[in-house]
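Biologist: Hi! Could you walk me through this one when you have a minute?

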Amino acid sequence: MTHFSYLDAPASSASALAALPSWLAAWFPHRYGEPTEPQRLAWPALAGDGNLLISAPTGTGKTWAALAPIIAELCSSLEPESFSTSPLRAVMVSPLKALVADTARGLEGDLADLEERLPEGHRLPRIAVRTGDSSAAERRALITDPPDLLLTTPESLAILLTRADMAGVFANLRWLLIDEAHAFASGKRGADLALSAERLSALACGPVRRVGLSATATPLPETARFVAGTGRPCSIVRAAGAVPPLLRLEPLPEGEKFLAALVQRIAKELPRHRSTLVFTNTRSLAERLAWTIRRRVPAFDGRIAVHHSALSARRRRETEQRFKRGELAAVVTSTSLELGIDIGSVGLAVLVHPPGDVVRLLQRVGRAGHVPGGLRHGLVLTASAAELLEAAVTCASARSDQCEPLSLPDAPLDVLCQHILGACCAGSRHPDDLFALFRQAAPYSALSRRDFDACIAYLRGLDCEGRVWLAERLREDGDCFRVKDAQTARLLRRNIGTILTDRTVSVALRSGEELSPVGEIDEAFAERLEPGARFLLDGRCLEFRSMQEGAAVVEEVVGRPRVPRWGGDGWPLSPQLAQRLYLLRTQAAEALREGPERLRQMLVSDYALTPEGAEMLAAYFQQQEAVSEVPDAGALLIEAVDAGHITELYFHTPLNRPGNDALARVALRRLARDLGRSAQSQVADLGLLLQVRGTVPAPADWARQLLAADGFRAELDTALRDSEAVRMRFGRVATTGLMVLRNPIGQQRKVGGSDWAGRELYERLRVRDPDFVLVRQSLREVSAELCSADDGEAFARRLPLLTVRCRFLRVPSPFAQAWTQQDAGPAAEAASPQEALLRLHAELTGGGDALA
Amino acid sequence: MRWRDFLLSRARFAVHVPSGTAVVADLHLGYGRVRRRGGDAVPMPSIAEELEALAGGLREVGVGRVVVAGDLFEDGRYQRDEMETELLAWLAEQSVELAVVPGNHDRKLAGSRLAVVQEFAIGEWAVVHGDGELPAGPFVQGHEHPCLRVGAASAPCFLLGESRLVLPAYSANAAGGNVLGDGRWTGMRCVAIVEGRLLDFGDVSRAGQK
């Protein structure tokens with residue numbers, strides 16, 4: 001059981017500074033002014049013992065809140081007395097290489113300034129950075145001449161932990177700092193870091209104190225558990241008093257006029273602020289928007305840039321520096337500037353389309369006014385009435401600090417495989433010891449011995465009956481295991497980590513004889529390029545010339561471009577926002593019964609909408625009521641539309657897209673099996689569409705049958721095992737789980753293509769061992785993320801308590817149109833992917849409705 | 001399904017009926033071994049397991065002569081001796097005669113114990129891999145791994161032209177190149193293997209328009 005205590009009353013500046021040595025207390029105000037609230041909270045807490053989580057908004061001096069007492073210790077520390085003479089006392093882990101570099105730069109400047117104030121007998125601590133960008137010499141120096149403070153990323157830390165010679169380097173470690181803990185905690189990178197933290201702590205001779213830095217995250221005890229590990233106490237300091245952001249919400253015209261109106265609206269804001277940061281949700285919109293602004297507002301042509309993860313790292317750093325220096329008036333970004341790389345003071349954050357969850361909204365708006373005490377201004381622009389409604393709920397939740405709860409991943413087994421192997425690279429390990437060690441990591445507190453043993457069996461190359469059938473990575477060493485050989489250890493180091501990127505092709509800009517990297521485009525997009533084809537990247541129109549050594553060589557031209565495709569854009573609404581949005585719609589319908597004026601009033605007073613916005617939404621609700629109804633919490637509304645030989649059934653639910661995905665998969669399966677009807681589905685936030693061949697006389701009865709709770713989970717499980725979603729996920733899990741390597745040895749033939757693991761390997765594994773550990777992991781992930789089995793099943797269990805109402809319409813209602821027109825979500829698959837081929841064949845040969 | 005002199009098999013090969021010879025392409029035997037060499041921890045099926053579908057298909061049509069239109073092995077340089085031993089045992093057991101026209105993956109078959117021929121003809125049809133210059137007369141080829149892809153669904157297919165037969169890749173490991181939207185196949189007929197059945201989709205360009 002982990003114990004948490006909140007320390008919420010900040011000390012006065014004087015008593016906070018008194019917690020530091022006098023020379024540091026004298027220097028700090030000289031450099032930074034009065035200590036901020038998180039600093040006043042953290043310094044007295046760190047003067048004691050134990051672990052600490054510091055939660056405070058972006059830009060409130062969190063880094064020094066954690067580092068001041070550590071720097072004080074490092075400046076005065078004596079030579080260690082233990083078996084190792086390594087001076088390394090503190091490791092700080094940050095999520096991005098750029099953030100590590102940024103922190104190191106800032107600290108070097110601070111320490112240089114501090115040097116002349118150091119009392120006698122003290123010395124400046126040495127800082128080293130270890131990231132994927134570190135040179136071979138820097139990597140060697142870490143072992144031969146370790147620093148006092150190491151700044152690194154989770155992946156580089158995991159690599160260091162595979163080396164036997166690092167054990168001595170970490171022997172005197174006293175501090176582990178986890179920066180941006182909220183950004184790690186809920187994902188696989190967090191699971192990876194939590195396992196590394198346990199392995200690291202086990203190498204130190206004495207106790208290692210852990211300090212986590214986090215932006216606002218709820219519930220904080222969960223973040224604290226992530227930082228401290230299972231069963232260890234952790235204090236929490238929480239800086240209150242962050243002034244709520246000033247959020248404005250404005251609707252823009254729908255459809256084709258949207259982009260033009262967006263450009264006009266942003267152009268109006270640009271001269272009013274020193275700098276503006278625009279978030280677009282997708283990389284393609286970021287590119288289109290920047291390009292259009294540059295063309296239509298020539299005054300800003302050279303003063304606007306694009307920033308997203310498909311651009312080259314060099315280009316991104318350049319943009320960050322120029323923005324910080326004030327040379328750029330605006331940067332348009334998809335998501336890559338959400339995290340805390342220092343980009344200086346931003347006057348306004350513009351969000352084009354609502355961001356899908358409250359945490360993301362606060363992170364983005366938090367980038368504006370990124371100085372302690374600065375007021376944060378955010379402008380949210382929407383493209384439709386449905387989006388405006390969503391944005392209104394998101395902003396209202398942000399104002400009242402109702403963030404989505406953070407939850408730790410449930411013991412991802414692919415990441416565990418990396419750590420079992422990593423630990424066995426540094427020496428022989430007993431499985432019981434490893435199991436106990438890994439269960440200390442918060443995401444693995446519920447790890448079962450069965451799952452752990454399945455990982456070991458896989459790494460030994462054994463199938464479920466104990467026969468060797470895969471390559472061996474681990475071998476027995478008495479009661480223990482160790483890595484098979486040095487080559488396997490090298491393979492692990494080349495493939496460590498959980499960050500998987502889609503296959504891309506780099507783009508090189510030709511200027512005279514010179515080629516310079518611009519960024520990357522999806523391999524599939526690159527394959528379709530022909531010489532002369534034009535596309536947008538980095539806010540510039542580029543013309544494809546040729547492929548040279550695997551890179552697309554382009555030249556900058558003036559003309560009409562296309563926008564390249566990138567994978568991974570777009571995400572669903574959080575389940576909490578979906579619920580709130582559904583309830584708001586119900587409240588709005590009640591208000592509307594008292595007249596449109598009452599609804600407008602409610603929207604203006606409770607949701608801070610402008611009169612124009614309230615008018616737009618009132619009209620939207622009136623249109624829905626005119627043709628159908630607004631679904632309420634006590635009913636499941638189905639709208640049936642006769643579309644010729646197909647009946648479209650629109651189910652309105654209070655679930656987000658993953659929840660509806662679960663419902664759709666089970667419904668499709670039961671339609672085919674129990675009713676002999678073939679159908680297709682489309683899933684969205686707040687609803688799902690079933691397109692059923694033929695007529696459906698009693699949709700309400702069908703709904704109860706198709707969505708019955710009995711057997712729901714088992715049928716979803718069977719449907720998922722055959723699904724494209726699990727196959728695709730398996731490809732990624734097999735990569736993280738080291739079955740199919742991202743960076744193999746030598747030139748890998750591409751005959752299998754990038755989807756080989758999901759297509760071919762998955763099938764073979766299922767036949768030989770249906771419960772194979774990485775297949776099991778893929779299924780768990782899809783059931784928790786893409787397709788929320790829990791939410792779907794919970795809705796199915798509630799269904800008997802709900803009234804099911806069906807309305808027969810001639811065309812889809814405004815609510816249905818809103819979510820069926822979203823292009824963010826892929827439709828759930830038909831029962832068998834091969835059906836698409838059979839259907840095409842039937843159409844071509846006039847075979848009629850062969851599938852009905 | 002019969003097309004001119006050929007019988008198309010759902011086991012991804014074609015039989016030249018007048019001579020009783022099966023033509024199969026792109027077997028890429030040893031693909032798992034090559035992936036393992038690169039460090040992947042994947043299964044490594046035996047040659048007999050990899051050829052199970054071919055064995056079944058040959059039994060179905062009652063043919064014992066096979067010509068490989070290239071890419072018998074995934075990598076003709078790696079563990080070839082072991083694989084050839086396994087393959088020869090399989091040929092003996094199945095009573096199958098085999099000739100190999102090398103493909104780009106197995107150029108270096110020097111010293112092979114198999115019957116390697118640089119040129120092969122069955123009746124008027126030349127058998128080529130298809131990665132080099134194409135013959136002027138009628139020919140059967142591999143190399144292209146044609147498949148028909150609609151959404152997430154994909155099926156290997158035969159392409160039938162005036163004097164050209166493009167075989168699907170035999171290997172299930174081989175990712176296919178989608179024939180829809182590929183201008184090179186305009187005017188050719190597409191017969192795909194969907195759920196174990198041969199389905200005639202007609203002209204590729206017409207299917208593409210749908």
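Modeller: Here are some notes on cavities and one helix. This is a predicted model, where local features need pLDDT of at least 70, side-chain atom pairs count only at pLDDT 80 or more, and totals for chains, interfaces and linings use all residues. Residues are numbered from 1 along each chain as its sequence is written, chains are lettered from A and ligands numbered from 1 in the order in which they are written, and side-chain values use heavy atoms, leaving out hydrogens and water.

Biologist: Great. How many cavities of 30 Å³ or more are there in the whole structure?

Modeller: Five. A cavity here is a set of points, on a 1 Å grid over the protein atoms alone, where a 1.4 Å probe fits but cannot get out; lining residues have an atom within 4 Å of a point.

Biologist: What volume does the largest cavity have?

Modeller: About 50 Å³. Its lining includes B:L27, B:V68 and B:W90, and divides into 10 nonpolar residues, no polar and no charged.

Biologist: And the second largest, what lines it?

Modeller: That cavity has about 40 Å³, and among its lining residues are A:D192, A:R199 and A:H419. The lining divides into two nonpolar, four polar and two charged.

Biologist: Switching topic: is α32(A) mostly covered or mostly open?

Modeller: Mostly covered: eight of the 11 residues in helix α32 (residues 835-845) of chain A are buried, meaning under 20% relative accessible area with a 1.4 Å probe, protein chains only. Helices are DSSP runs of H or I, at least four residues, numbered from the N terminus. The buried ones include A:E835 and A:R839.

Biologist: What comes just after α32(A)?

Modeller: A:G846, with a positive phi of about 65 degrees.

Notes
Buried means under 20% relative accessible area, exposed over 50%, partly exposed in between (1.4 Å probe, protein chains only). Helices (H or I, at least four residues) and strands (E, at least two) are DSSP runs, numbered from the N terminus. On a 1 Å grid over the protein atoms alone, a cavity is a set of points where a 1.4 Å probe fits but cannot get out, and a pocket is an open set with protein on both sides within 12 Å along at least five of seven lines; lining residues have an atom within 4 Å of a point. Grid points are joined across faces, edges and corners, and a volume is the space filled by probe spheres set on the points. Ala, Val, Leu, Ile, Met, Phe, Trp, Tyr, Cys and Pro count as nonpolar, Asp, Glu, Lys and Arg as charged, and the others, Gly among them, as polar.
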